[in-house]
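Thank you all for coming. I would like to take a few minutes to walk through one structure, moving from the whole chain down to single residues.

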Amino acid sequence: MKGVGSVFRNNMNRMKSRKNYLFSTLAMTIAAMAFAIYFTAAFDMKGSIAVVTEADEMPIGTKDFRVERLAEVPPKSQLVRGKYDAVIVDQGNGTHKIETVKGDAFKEKLQQALASPERPQSEEAKRGVGMNILGFLIMFVLLEGMLFMNLFAEDKANGTLRRVIVSPASLTSYMLAQSLFCFVILYAPTYVLLVAAQTLLGLDLGFTLLQYAWLLGLLAALATAFALFMTAWIDSLDNAMMAAASIIVLTSILSGSFYTFSHGGLMKVVVSLLPQKQFLNLVQDLEQRTATAAGSQQIGYLLVFTAILFVAGWAICRRRSKEGRY
């Protein structure tokens, strides 16, 4: 444990000359919280529906939706960007084609509105501020993990790792220290900001501080494990950052971190296996107070996934150090 403390303190001293990293992460966290609170209010607005029809009367009521008549079908990119929640194409003879990325539940709601335009629609479950905050934070925290794990990548490149593991500090102690440092520097500033937002500014963040404590802990642990694996697997720091950023952004978007997408077939199965999706499902169940045994399964899945990444990263580093690559 003495070696763990030495490496940890050394990393803290190195970070003193890289304060811009800390300022960047704090800025990203503040931005994520601000966007989440803003979009939570925006999501409470009526759904925006584009209607392509030549009829004089709109086929759907305007009490429950903001309806805009269009001459032609808009590009699907406008659905993805959120300009429209759905597009309804009047095919004549009372038939309509509905295109949306908001899922089957929203599509069914539109079908009911088309069948009975005079009947008020029931309220559907909306993403709350807590889920939006954590959803926005997923991608940022995972990216920040790569940012702070670059100390490990630098040690590999400049030979520091080789000198450390031949000293009394073992490879295990060194890897544990790097992981602990990354976790703490990800977790502590983010949690302090959440505490300040709720206690000092009086903002409603959706969850209690205790709930945020363990949810953020799961997310920070996943980010640390992923960063360790990527930096151990890919020797070049630039290549590791590029590959990790691409994976994080793509999988976070597909998981619905910012906006809920509807997937079908094989894609639905693939997305369900992503740790971000499991985390969001856990948060949603907690927010809607419907947590059951599935919540325990999601926590177990995240812990096992994180452990696999940790072990894989440590094993890669150990094998390559024995081969003399470090």
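**Helix 5 and its surroundings**

Let me begin with Glu144, which is found in helix 5. Please keep in mind throughout that what we are looking at is a predicted model. Is Glu144 buried or exposed? Its relative accessible area is 2%, and because the cut-off for buried is under 20%, Glu144 counts as buried. If we leave aside its neighbours within four places in sequence, Glu144 is in contact with Thr25, Met28, Thr29 and Leu186.

The helix that carries Glu144 deserves a closer look. Helix 5 runs over residues 129–148, and its end C-alpha atoms are 28 Å apart, which agrees with the 28 Å that its 20 residues should span at 1.5 Å a residue. That agreement in length should be read together with the local geometry, since helix 5 has a kink of about 35 degrees, centred on Ile138. As for its surroundings, helix 5 is mostly covered, with 19 of its 20 residues buried.

Now let me step back to the chain. The secondary structure of the protein chain comes to 13 helices and 4 strands. Of its 326 residues, 46% count as buried. If we take the contacts between residues at least 6 apart in sequence, 67% of them join residues at least 24 apart.

I turn next to helix 6, which covers residues 150–158 and includes Asn150. Asn150 is buried, with a relative accessible area of 5%. Not counting residues up to four places away in sequence, Asn150 touches Arg18, Tyr21 and Leu237.

Leu237 takes us on to helix 10, which spans residues 237–255 and also holds Asp238. Here the picture is one of exposure, as Asp238 has a relative accessible area of 59% and is classed as exposed. In space, the C-alpha atoms of Asp238 and Ala153 are separated by 9.8 Å, although these residues are 85 apart along the chain.

Let me now come to a pair of helices. In general, two packed helices are described by the angle between their axes and the distance between the axes. How do helix 9 and helix 12 cross, and within what distance do their axes come? The axes of helix 9, residues 209–233, and helix 12, residues 275–287, come within 11 Å and cross at roughly 175 degrees. That makes helix 9 roughly antiparallel to helix 12, because angles over 145 degrees are counted that way. On the side of helix 9, the residues that meet helix 12 are Gln211, Trp214, Leu215, Leu218, Leu219 and Leu222, while helix 12 contributes Pro275, Phe279, Leu282, Val283 and Leu286.

Helix 12 itself has 13 residues and reaches 18 Å from its first C-alpha to its last, close to the 18 Å expected at 1.5 Å a residue. Why do we call helix 12 largely enclosed by the rest of the structure? We do so because 10 of its 13 residues are buried. Among them are Pro275, Phe279, Leu282, Val283 and Leu286, which also appear in the set that meets helix 9; polar or charged names such as Gln276, Gln278, Asp285 and Glu287 are on the buried list as well. Just after helix 12, Arg289 takes a positive phi of about 55 degrees.

Two of the residues from that pair of helices return when we look at helix 13, which covers residues 293–322 and contains Phe305. Leaving aside its neighbours within four places in sequence, Phe305 is in contact with Leu222 and Pro275. Phe305 is partly exposed, with a relative accessible area of 28%. Phe305 and Phe226 are 79 residues apart in sequence, yet 9.5 Å apart in space, C-alpha to C-alpha.

For a short helix, consider helix 3, residues 77–80, where we find Gln78. Gln78 is buried, with a relative accessible area of 15%. Beyond its neighbours within four places in sequence, Gln78 is in contact with Lys83 and Tyr84.

Finally, a word on the cysteines. How many disulfides does a search of the whole structure find? The search finds 0. Cys182 is buried at a relative accessible area of 0%, and Cys317 likewise counts as buried at 0% relative accessibility.

Technical notes:
Residues are numbered from 1 along each chain as its sequence is written. This is a predicted model: local features need pLDDT of at least 70, side-chain atom pairs count only at pLDDT 80 or more; totals for chains, interfaces and linings use all residues. Side-chain values use heavy atoms; hydrogens and water are left out. A disulfide is a pair of cysteine sulfur atoms within 2.5 Å. Buried means under 20% relative accessible area, exposed over 50%, partly exposed in between (1.4 Å probe, protein chains only). Contact means heavy atoms within 4.5 Å. The expected span of a helix is 1.5 Å times one less than its number of residues. The bend at a residue is the angle between axes fitted to the seven residues ending there and the seven starting there. Axes are lines fitted to C-alpha atoms, for helices over the stretch in contact, and angles run from 0 to 180 degrees between N-to-C directions. Angles under 35 degrees count as roughly parallel, over 145 as roughly antiparallel, 65 to 115 as roughly perpendicular and the rest as oblique.
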